[in-house]
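Grab a pencil and work through a couple of exercises on charged pairs. Each one comes with its solution.

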Amino acid sequence: MAMDNTEIKIHGGGGETSLRQEDESHSDNKSGMRSAEAILRLLPVILCVAALVLMLKDSETNEYASLSYSKLGAFRYLVHANGICAGYSLIAAIISAMPRPITMSQAWTFFFFDQVLTYLILGAGAVATQVLYLADKGDKTITWSSACDSFGVFCHKATASVVITFIAVLCYALISIISSYKLFTKYDAPLSTHL
């Protein structure tokens with residue numbers, strides 16, 4: 001019997017060692033996920049700031065008139081939305097990179113703001129795209145001619161800003177999926193009941 005205890009202790013010691021190794025690899029995996037999430041949260045900062053700066057510097061003057069982003073409400077909205085999203089992403093990246101377990105309230109906060117800002121930046125991109133479409137094609141029914149014929153540089157810069165914004169939207173969609181997963185995995189699966 002003493003021999004069995006010794007075997008159990010050795011087996012138990014080996015089991016504890018393997019559990020510790022699993023915990024360490026699980027901790028490394030969490031650390032890797034935390035780093036990946038922080039990087040994914042930093043990417044929209046770069047994209048939103050690039051789109052914001054490109055739109056802020058977007059103005060053109062020719063013999064007909066002068067055109068600037070500030071004269072179009074949709075482009076002002078795009079600039080503000082990109083600024084808000086860049087600021088949030090920077091703060092969220094710093095918080096998500098901290099090596100501590102995520103609490104339920106923190107998971108709900110990330111989930112909520114990730115969803116809100118995803119739709120904010122998506123809406124800004126959609127509105128700016130509509131304005132760009134009208135500027136490029138015009139509207140024959142109300143005799144509104146194409147503005148991009150006269151302000152080509154302005155339209156090209158605005159298009160680049162909108163494209164960058166939609167790349168940021170894709171990042172926010174991924175971030176929203178991650179925050180949804182992190183939140184809803186904290187809950188137990190619903191029990192199925194047979195009637």
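Below are two exercises, each solved in steps.

The model is predicted, so to speak a computed one: local features need pLDDT of at least 70, side-chain atom pairs count only at pLDDT 80 or more, and totals for chains, interfaces and linings use all residues. Residues are numbered from 1 along each chain as its sequence is written, and side-chain values use heavy atoms, with hydrogens and water left out.

**Exercise 1.** Find out which helices the salt bridge between Lys182 and Glu37 ties together.

*Solution.*
- Start with the pair: the closest N and O atoms of Lys182 and Glu37 are 2.5 Å apart, which fits a salt bridge (a side-chain nitrogen of Lys or Arg within 4 Å of a carboxyl oxygen of Asp or Glu).
- Next, place the partners: Lys182 sits in helix α4 (residues 152-184) and Glu37 in helix α1 (residues 2-56), so the bridge ties together parts 145 residues apart in sequence. Helices here are DSSP runs (H or I, at least four residues), numbered from the N terminus.

**Exercise 2.** Is Arg41 buried or exposed, and which residue does Arg41 pair with in a salt bridge?

*Solution.*
- Check the cover: Arg41 has a relative accessible area of 2%, so Arg41 is buried (under 20%; exposed is over 50%, partly exposed in between, with a 1.4 Å probe and protein chains only).
- Find the partner: Arg41 bridges to Asp114, with the closest N and O atoms 2.7 Å apart. Asp114 lies in helix α3 (residues 104-137), 73 residues from Arg41 in helix α1.
- Finally, join up the pairs: Glu37, Arg41, Asp114 and Lys182 form a salt-bridge network.

Terms used
Helices (H or I, at least four residues) and strands (E, at least two) are DSSP runs, numbered from the N terminus.
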